[in-house]
Amino acid sequence: MPTDLAGDLYYNPLLTRAAVTNIQNDKRFTAARAWPRMIVDKPTGLYDKVKTGDLNRDEVEARGQNSPAAIARVGYERGTFSVPTESLAYDLNDVAVKASNVTRNPARIIPRVLGVKGSIRLERMMARKFLGADGQSIPWYRTVTGGASDTVNAYTSAGTRKYFNSSTDLLVAVLEEAGYISRKAGMDPDAMLFARDAWLAFRTNDSIIAALNVAGVPVSRNRPATMQEVADLLELDWVGVSKATYNTQPYGIDPSNTEIVPAGCALLYFRGAGKNEDPGEWVDEMPVAGACQVWRDGANGNPEGIRIRKFRDEKAGSGGSDHSEMDTFRDYGVVTPELGTFFTGMVQ
């Protein structure tokens with residue numbers, strides 16, 4: 001007997017878990033690992049954001065034996081979230097499956113296809129909100145553009161640094177930007193997200209390679225820096241590189257793949273999630289640069305905000321078909337703009 005009653009939010013747990021695993025493990029995409037999740041209980045509403053100025057104030061005072069303790073005054077701001085419900089279906093026709101020369105397992109095909117499609121959608125949402133993809137505005141307080149100068153102007157919202165692939169000490173440059181964020185918002189950045197070409201220019205820069213060589217050791221280093229090495233040099237917990245592409249052509253037309261994250265950009269920011277690949281959930285008493293809103297009920301408690309429903313469609317094609325639908329309940333939003341420095345146009 002069916003266990004789903006009228007009004008239940010039905011989903012297929014096996015296909016959903018497989019799709020979520022594919023999304024989390026595909027290293028081309030960074031959206032699932034770059035931002036902490038903000039779990040919400042309804043698709044639209046308000047959330048509290050802590051004011052960093054109040055958090056970083058010294059309010060501890062001497063206290064007499066019979067006097068009350070000083071009260072910590074931490075202010076909050078209200079932000080608005082709206083988690084859209086988006087869907088995509090996939091039909092697996094019985095006749096096509098039976099006629100194939102190689103066995104096609106629906107339990108593997110469906111979550112792989114829908115998982116990739118879901119990753120593309122999440123990566124585009126993330127890039128549009130945080131990195132100015134598709135012509136969207138940049139939300140961060142400070143934007144750095146590539147050029148000839150290489151200085152940090154304290155408490156100014158714009159600046160110019162030398163290109164990642166020019167003769168400059170990139171290690172010093174990024175650490176200076178980290179210090180700028182700390183002075184502005186009181187938190188040291190712990191993550192950096194690169195576009196593919198910006199990462200290539202950064203990891204092969206002479207100053208980065210030189211920092212990884214040991215003086216006096218007669219061994220030549222002939223390989224670029226790894227993500228873990230760059231993270232250690234920059235005193236960061238996580239470094240990510242988006243290598244994701246999406247096709248802008250209609251179905252059946254030759255592909256015209258383009259990279260999702262804009263070329264020549266990088267974001268230095270505070271993720272607040274430790275060294276784990278999974279950033280986990282945002283503890284909203286502490287500030288973060290941005291967060292990923294996930295509707296808990298919409299995804300049956302799934303932390304990725306994704307579900308797959310599967311059912312038979314006997315009228316679809318010869319002999320019927322397995323009809324699967326993926327629903328996503330996820331969006332991205334800026335929490336504290338001062339906790340991010342955006343580099344753009346950094347590659348000549």
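**Exercise 1. Find which element gives the largest share of the lining of the largest pocket, and describe that pocket.**

Solution.
- Helix α5 supplies 6 residues, the largest share of the lining of the largest pocket. The model is a predicted one.
- Next, take the other contributors. β4 (85-93), α5, β9 (245-247) and β14 (321-334) each give at least two residues to this lining.
- Count the lining. The largest pocket has 14 lining residues, and L88, K117, G118, I120 and R121 are those nearest its centre.
- Sort by chemistry. The lining splits into 5 nonpolar, 5 polar and 4 charged residues.
- Finish with volume. The largest pocket holds about 400 Å³ of space.

**Exercise 2. Describe the second largest pocket in the same steps: elements, residues, chemistry, volume.**

Solution.
- Start from volume here. The second largest pocket encloses about 280 Å³.
- Two or more lining residues come from each of α9 (227-233) and β8 (238-242).
- The largest share is that of β8, with 4 residues.
- The lining numbers 14 residues, and nearest the centre are M227, W238, V239, G240 and E277.
- By class, the second largest pocket is lined by 5 nonpolar, 3 polar and 6 charged residues.

**Exercise 3. Outline the whole chain: elements, extent, burial and contact range.**

Solution.
- Elements: the protein chain has 9 helices and 15 strands.
- Extent: along the principal axes, its C-alpha trace spans about 75 × 70 × 40 Å.
- Burial: 44% of the 348 residues count as buried.
- Contact range: consider contacts with a separation of 6 or more. Residues 24 or more positions apart make up 73% of them.

**Exercise 4. Which residues touch the most other members of the largest nonpolar core, and which helix gives the most to it?**

Solution.
- Begin with the general expectation. Nonpolar side chains tend to be buried together in soluble globular proteins.
- The largest nonpolar core has 67 residues. W35, F164, M192, F194, F202, Y269 and Y332 touch the most other members.
- Helix α5 (residues 106-130) gives the most to this core, with 7 residues.
- Now separate off the other core. A second core, of 12 residues, includes M38, F81, V288 and F329.
- Zoom in on F202. Beyond four places in sequence, F202 touches F164, L170, V174, F194, I208, V230 and L234.

**Exercise 5. Is R37 buried or exposed, and which side chain does its own side chain meet in a polar contact?**

Solution.
- Place it: R37 sits in strand β1 (residues 37-40).
- Apply the cut-off: buried means under 20% relative accessible area. R37 has 6% relative accessibility, so R37 counts as buried.
- Look for a partner: the side chains of R37 and E304 form a polar contact of 3.3 Å.
- List the surroundings: residues up to four places away in sequence are not counted. R37 then touches D278, G280, E281, W282, C292, V294, P303 and E304.

**Exercise 6. Repeat the analysis for D331: place, accessibility, polar partner and contacts.**

Solution.
- Place: D331 belongs to strand β14.
- Accessibility: D331 is at 11%, and therefore counts as buried.
- Polar partner: the side chains of D331 and K129 are joined by a polar contact of 2.8 Å.
- Contacts: neighbours within four places in sequence are left aside. D331 is then in contact with S82, V83, P84, M125, K129, A291, C292 and Q293.

**Exercise 7. Classify A62 by accessibility and find how far its C-alpha atom lies from that of L92.**

Solution.
- A62 lies in the loop between α3 (52-55) and β3 (76-82).
- Exposed requires over 50% relative accessible area. A62 has 84%, so A62 is exposed.
- Take the pair next. A62 and L92 are 30 residues apart along the chain, and their C-alpha atoms are separated by 71 Å.

**Exercise 8. For D134 and E235, give phi, loop and exposure class.**

Solution.
- D134, phi: the angle is near 55°, a positive value in a residue other than glycine.
- D134, loop: D134 lies between α5 and β5 (142-147).
- D134, class: with 40% relative accessibility, D134 counts as partly exposed.
- E235, phi: the angle is near 60°, a positive value in a residue other than glycine.
- E235, loop: E235 lies between α9 and β8.
- E235, class: the relative accessible area is 63%, so E235 is exposed.

Notes
Residues numbered from 1 in each chain as written. Predicted model: local features only at pLDDT ≥ 70, side-chain atom pairs only at ≥ 80, totals over all residues. Heavy atoms only, no water. Buried < 20%, exposed > 50% of the residue type's maximum accessible area, 1.4 Å probe, protein only. Polar contact = N/O pair within 3.5 Å; in protein donor to acceptor, adjacent residues only side chain to side chain. Contact = heavy atoms within 4.5 Å. Core = buried A, V, L, I, M, F, W, Y, C linked by side-chain atoms within 4.5 Å. 1 Å grid on protein atoms, 1.4 Å probe; cavity = no way out; pocket = protein on both sides within 12 Å on 5 of 7 lines; lining within 4 Å. Points joined across faces, edges and corners; volume = space filled by probe spheres on them. Nonpolar A, V, L, I, M, F, W, Y, C, P; charged D, E, K, R; others polar.
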